[in-house]
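Please look through the model shown here before reading on. The paragraphs after it move from the overall fold to its interior and then to its empty spaces.

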Amino acid sequence: MKTSNSKSFIPTRLQLVAVLILSGFCANASAIAKQTISYTHTRAKDAIHWMVWNENTMETISNGERPMLFSISHELNDLTRSMAAESFHNEEVAKMINEHFYPVVVDSHENPILTGYFHSVLQGTKQITGFPLTVFTTKDLHWIDGGGYFPPSDDWGGQGFPNLLKGVIEKWETTREQTIQKAANKQDSLGSLLGSSSKPSGSFDASRMGEYVSNLEGVYDMEFGGFIVGPKSPDFAKLGLLEEITDNAAEEAERAQSMKSATLQAILTSSIHDFVGGGFFASSTDDLWLIPQFIKSVTDQCKAIQYFTDYSENEDLILEVAQCIVNDFKMDSGFYSDHILLTSDSDPTFESGIKGDAYIWKFETFSNLFSDSELAAFIDNFDVSEEGNIPADQDPEGGFAGKNLLRLKHSSLKQTPTLLSALNKLAEYRKKNSTVLSEQTMDVASNARVVTALTIAGKKKGDLFIEEAEALVKLIWGTFYDENSNRLMTPSILDDQKVDSECSSLEYALLEQGFLSLYEATGNTDYLSNAKLLQDAIDTRFTDDTGLCFVSPKDHPFIPLSTYAIWEEDDVSAVAVCIQNLRKLVALDGGDQYEGNLSNVLSHIPEAVEQAPEHFSFTLTVLSAE
């Protein structure tokens, strides 16, 4: 998966479980529920002289002779917090950074364009990304080195962060001109990945489905399901691609069906599925799908709804996840941007709270809460015991001893009024004994996804979900849309001052998707008009003659334009969503313009998509869907 000599850390199950149980926290939980946590603000306590991304920083960098170090994440990310504690608070590391780099800290929510740009660059160089993003560049933002999370030592088998720093410093001091030229060449190769290097075909070539299946088999865990051996996420994009392969390519259907069924079964029956509160956790911490990372992402819930709508008749599951979005992520204005954590500590703080404690259960809690019939129904469904059900070798610090994670005994819940009563009692118990920790940030991408997801659920059942979606899209439009310039603008906090900056192409495309979904559901032509305004903005400011859009607008003052928005972040690329939107516009509104744009985009899908389908599962799903 990697082409660089410096690898970003992929934690083992024991290391990541330890991080989840023991990683430091730094603020009072009740305060967190009332204010925005900014990654840029919390890094202020580091010994590193961090700069924020603004014009003053750009001027300093343009007149200097150092490379840049970008640290991009959000405060509630566990590996971000671990890297800060292990490396950024280290005086020796801080001294190296301060003397040899221009260090720039970026909150992913406050600057989605820069975040999206670096995601695209790293994925374009076949780096494994995620948060934190740790990137070394020239002053032109040409990639030198980097990746995701780097541990403090080389013990894990790759470079630790201090030695990575030393390597970049040595390259810069001894071969600066070659390093700069190599970075520029790499950037040029990313730019030429699309367009002239690909041969327009006018349509997607589905004849290579066998190669896509083989490629997925190369990253598939044949023993436990999922598409990586180690910590796994509920990868609905890859499941969607396997569904398309099953439907459209008979020769590969059996292999695709096998991978899809095993993975889906693991997702639905393991503790990564929150049977009490609904929805799904962000990932497992191990290859067995046994212990979740106790973080819920609204993005994951939205992707689940879209997957189950397209490829499942399980209406109850769709409504369960939609209700989870409303219950767990709604705030006074919009929905939580990304993550929510729970702790049941009586006075929870980031220092003392044990994340996940509201999701793991002592058997005596079941006995005390349930009637005899409820307990019998519960035990019939869930693999729980008085001794606990978490093996000792999965619990290195003993934090889960004698406790239970909920996972099914069977392939599905045997839903009865008695069982539902028991689950409702657990939900009420959790509500009374837990505190929500979250980033109180409303961003366009997450909320646009919620619009589409709730609209889908509302079409299945429940006008209340449609009403939620309509109220939310009105709020997004009123908050972020600038009518005078036809731009989506998001406030960024720079030097403690709010500065509006334009959204990324992905945010434009996701919001357009939300408007189109609502138009299909309600027939309100205002939604179609707004969708067309956004499509016009994408065509005008984000695309070139290929019809493929860039991450950033053409007139963005700081971001190079050589990276297309096709490399996928969170299993969604702007190009793929734009293809979906154009198809809908052709069907709903007609017109040669949209049909021509769609044909142009399809004719310029690069060979890279076919050569590296593990990076393009959502794009492949969109292309193969009729």
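What follows is a guided reading of this structure, from the whole chain down to single residues.

This is a predicted model, in which local features need pLDDT of at least 70 and side-chain atom pairs count only at pLDDT 80 or more, while totals for chains, interfaces and linings use all residues. Residues are numbered from 1 along each chain as its sequence is written, and side-chain values use heavy atoms, with hydrogens and water left out.

The secondary structure of the protein comes to 25 helices and 13 strands, where helices (H or I, at least four residues) and strands (E, at least two) are DSSP runs numbered from the N terminus. Of the 626 residues of the protein, 59% count as buried; buried here means under 20% relative accessible area, exposed over 50%, and partly exposed in between, with a 1.4 Å probe and protein chains only. Among contacts between residues at least 6 apart in sequence, 72% join residues at least 24 apart, a contact being a case of heavy atoms within 4.5 Å.

The interior can be described through its nonpolar cores, each a set of buried Ala, Val, Leu, Ile, Met, Phe, Trp, Tyr and Cys residues joined through side-chain atoms within 4.5 Å. The largest nonpolar core has 134 residues, of which W53 and F70 touch the most other members. Apart from it lies another core, of 25 residues, among them V52, F88, F101 and A183. F88 also belongs to the buried residues of α5, a helix spanning residues 78-88 that is mostly covered, with nine of its 11 residues buried. Those buried positions in α5 include charged as well as nonpolar side chains, D78 and R81 being listed together with L79, M83 and A84.

Two further helices offer a view of single buried residues. E243 lies in helix α11, residues 236-248, and counts as buried at 8% relative accessibility; leaving aside its neighbours within four places in sequence, E243 is in contact with K260, Y307 and Y311. A256 is found in helix α12, residues 250-269, and counts as buried at 0% relative accessibility. Not counting residues up to four places away in sequence, A256 touches L242, I245 and T246, and its C-alpha atom is separated by 9.5 Å from that of G210, 46 residues away along the chain.

Two loop residues stand out by their backbone. L141, in the loop between β3 (133-137) and β4 (143-147), has a positive phi of about 65° although it is not a glycine, and at 1% relative accessibility L141 counts as buried. N486, in the loop between β11 (481-482) and β12 (487-494), likewise is not a glycine yet has a positive phi of about 55°, and N486 counts as buried at 13% relative accessibility.

How many disulfides does a search of the whole structure find? The search finds zero, a disulfide being defined as a pair of cysteine sulfur atoms within 2.5 Å. C578 is in no disulfide, and the nearest cysteine sulfur, that of C549, is 4.2 Å away. C578 is nevertheless buried, with a relative accessible area of 7%, and C503 is buried as well, at 0%.

The remaining topic is empty space. On a 1 Å grid over the protein atoms alone, a cavity is a set of points where a 1.4 Å probe fits but cannot get out, and a pocket is an open set with protein on both sides within 12 Å along at least five of seven lines; lining residues have an atom within 4 Å of a point. Grid points are joined across faces, edges and corners, and a volume is the space filled by probe spheres set on the points.

The second largest pocket has a volume of about 1100 Å³, and of the 37 residues that line this pocket, the closest to its centre are F275, V276, G277, G278 and E320. The elements that give two or more residues to its lining are α14 (315-329), β7 (339-343) and α17 (417-432), and the largest share, eight residues, comes from α14. The lining of this pocket divides into 16 nonpolar, 11 polar and 10 charged residues, with Ala, Val, Leu, Ile, Met, Phe, Trp, Tyr, Cys and Pro counted as nonpolar, Asp, Glu, Lys and Arg as charged, and the others, Gly among them, as polar.

The structure also holds four cavities of 30 Å³ or more. The largest cavity has a volume of about 80 Å³ and is lined by 13 residues, of which S271, D274, F281, Y359 and L406 lie nearest its centre. The lining of the largest cavity divides into nine nonpolar, two polar and two charged residues.
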